[in-house]
Amino acid sequence: MPANDFVVTPWEVTGKVDYEKLVERFGTQIIDDSLLERIRRHAGELHFMLRRGIFYSHRDLGGIMNEHEKGNEFVLYTGRGPSGSTHLGHLMPWIFTKYLQDSYGAKLLFQLTDDEKFLFNEAMSHEDTKRYAYENALDIIALGFDAKKTEIFLDTEYITPLYEIALRVAKRVTFSTAKAVFGFKNSTNIGSIFFTSIQSVPAFLESQRQGRGVPCLIPCAIDQDPHFRVTRDVASALGYPKPALIHCKFFPSLAGSDKMSASNTESSIFTTDAPEVAGDKIMNAFTGGGATVREQREKGRKPVECSIYQYYYYVFEEDDEKVAELSRKCKEGEMICGECKALLAERVKAFLRAHQRNREKAKDRLEEFMLRD
Ligand code: TYM
């Protein structure tokens with residue numbers, strides 16, 4: 001891989017991601033102003049993740065807007081591969097999904113792929129992935145999704161309705177397509193090769209249930225797009241509408257790399273971290289501040305290169321003016337890294353305290369959301 005290149009697949013994100021280039025590589029489209037304007041009209045206000053281009057790419061979003069404008073319903077579908085605790089990066093697309101549910105009154109299907117993480121992760125037993133699925137479900141519920149409009153399921157616990165559709169998908173996807181899209185090798189286990197059929201299913205589930213084409217919109221980070229290229233390719237032949245997608249960029253790690261990833265626990269903040277521990281991770285984060293306070297006050301910094309600034313930008317400061325102010329103060333050396341980190345640490349701690357309280361309450365509400373065979 002050349003030094004300035006990058007890789008984005010559902011299982012690997014490496015290098016410095018060039019998001020514009022990724023749109024070209026994947027063949028998706030940038031969300032343009034006219035689409036933004038339509039969402040603003042429907043939703044009353046644009047989510048800051050749309051205003052800031054964090055959700056920035058799509059497939060067929062215009063089609064979903066057309067349906068909505070005609071008074072037709074659509075469903076939302078998203079998911080989680082339960083390989084560990086939830087981190088803040090995972091929450092980002094889910095927070096946005098909740099905005100879509102609230103704004104459009106849409107039903108949400110939430111898939112927990114306990115099968116995927118068992119198949120793809122050598123070290124994990126199925127008991128592990130199932131346990132994490134239930135742990136992760138608490139985070140989803142804690143975000144405040146509408147119980148009447150949200151169905152959460154583990155693949156292995158809801159397999160009967162899924163399997164029949166998965167079979168029909170699988171029959172239309174060749175090994176050479178799976179290799180080309182996901183980079184599988186001859187040594188890949190055959191469960192992993194089949195898996196994408198299962199991830200396709202919820203995009204078709206509501207259509208299958210209602211016996212008519214129900215449009216589906218999938219919010220996710222752009223790493224999941226390859227699965228849905230396959231889903232879209234087989235949709236028409238199976239008699240279902242192609243699902244639309246809306247993609248976000250990656251919430252960065254505290255180490256300054258592009259994607260927060262569970263494999264590096266020190267540079268990721270988990271929803272189950274004790275607030276003080278999360279605060280310490282932030283205080284220890286790499287910011288590349290000036291060698292001395294004086295130097296930083298004189299020269300300022302580049303906020304776009306700083307993970308702490310990105311945290312405000314991506315999740316922890318919804319007010320655009322305040323973000324702009326933060327950026328200015330950083331560039332002009334008015335706010336130095338230590339202060340900026342301390343402020344963020346307080347916000348993240350407050351967020352975690354509230355989220356953890358909601359997570360506790362979610363334990364009594366699981367059954368309102370879970371779907372089983
Ligand atoms: P998983 O568990 O890797 O990720 C769950 C969701 O979080 C997104 N994501 C991120 N978003 C922003 N910043 C990050 N650093 C970050 N890391 C992960 C992912 O794109 C995803 O939206 N196979 C899937 C589970 C799944 C799914 C779906 C996801 C099943 N059906 C439908 C999206 C839509 C997985 O392992 O996701």
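A charge sits over a ring when NZ of Lys or CZ of Arg is within 6 Å of the ring centre and within 35 degrees of the ring normal. Keep that in mind for the opening exercise, and remember throughout that this is a predicted model.

**Exercise 1. Charges over rings**

Find the ring that K249 lies over, and the ring that R25 lies over.

*Solution.* Start with the lysine: K249 lies over the face of Y56, at 5.2 Å from the ring centre. Then turn to the arginine: R25 is placed over the face of F6, and here the distance to the ring centre is 4.1 Å.

**Exercise 2. A sheet and its edges**

Work out the strand order of the open sheet, and then say which strands lie at its edges.

*Solution.* Step one is the order: seven strands run 3-4-9-8-5-6-7, with mixed pairing. Step two is to look for strands that pair on one side only; these are strand 3 (29-30) and strand 7 (150-154). Step three is to see how strand 7 is held: strand 6 (residues 107-112) pairs with strand 7 in the parallel sense, over five bridges. For a residue to click on, try L112, whose bridge partner in strand 7 is L154.

**Exercise 3. Aromatic pairs**

Classify the ring pair W94 and F110, and decide whether each of these residues is buried or exposed.

*Solution.* The whole structure holds 20 aromatic pairs. For W94 and F110, the ring centres are 5.3 Å apart and the planes meet at 80°, so this pair is edge-to-face. The cut-off behind that step is an angle over 60 degrees. Next, place the partners: W94 belongs to helix 5 (residues 88-104) and F110 to strand 6, so the pair ties together parts 16 residues apart in sequence. Finally, check the accessibility. W94 has a relative accessible area of 2% and is buried; F110, at 0%, also counts as buried.

Now repeat the steps for Y313 and Y314. Their ring centres are 6.1 Å apart with planes at 65°, so this pair is edge-to-face. Y313 is partly exposed, at 23% relative accessible area, whereas Y314 is buried, at 8%.

For an extra view, display W11, F120, F182, F184 and F195, which ring pairs link into a cluster.

**Exercise 4. Helix 10 and its start**

Decide whether helix 10 is largely enclosed or not, and find the side chain that reaches a backbone nitrogen at its start.

*Solution.* Count the buried residues: nine of the eleven in helix 10 (residues 190-200) are buried, so the rest of the structure largely encloses this helix. Among them are G191, I193, F195 and I198. At the helix start, a side-chain oxygen of N189 comes to within 3.1 Å of the backbone nitrogen of G191.

For contrast, look at D33 in helix 2 (residues 33-43). D33 is exposed, with a relative accessible area of 64%.

**Exercise 5. Around the ligand**

List the closest residues to the ligand, and find the polar side-chain distances for Y77, E116 and D223.

*Solution.* Of the 25 residues surrounding the ligand, the closest are Y77, R80, G81, E116 and D223. Take the side chains one at a time:

- Y77 has a polar side-chain atom 2.8 Å from a nitrogen atom of the ligand.
- E116 places a polar side-chain atom 2.7 Å from a ligand nitrogen atom.
- D223 has a side-chain N or O atom 2.6 Å from an oxygen atom of the ligand.

To finish, consider coverage: on its own the ligand has 680 Å² of accessible area, and the protein covers 98% of that.

Note on methods: Residues are numbered from 1 along each chain as its sequence is written. This is a predicted model: local features need pLDDT of at least 70, side-chain atom pairs count only at pLDDT 80 or more; totals for chains, interfaces and linings use all residues. Side-chain values use heavy atoms; hydrogens and water are left out. Helices (H or I, at least four residues) and strands (E, at least two) are DSSP runs, numbered from the N terminus. Buried means under 20% relative accessible area, exposed over 50%, partly exposed in between (1.4 Å probe, protein chains only). Two strands pair if DSSP finds at least two bridges between them. A polar contact is a pair of N or O atoms within 3.5 Å; within protein, one must be able to donate a hydrogen and the other to accept it, and residues adjacent in sequence count only if both atoms are side-chain atoms. Rings of Phe, Tyr and Trp (its six-membered ring) pair if their centres lie within 6.5 Å; planes under 30 degrees apart count as stacked, over 60 as edge-to-face and the rest as tilted. A residue is near a molecule or strand if one of its heavy atoms lies within 4 Å of it. Accessible areas come from the Shrake-Rupley method with a 1.4 Å probe; for residues, only the protein chains shown count as cover.
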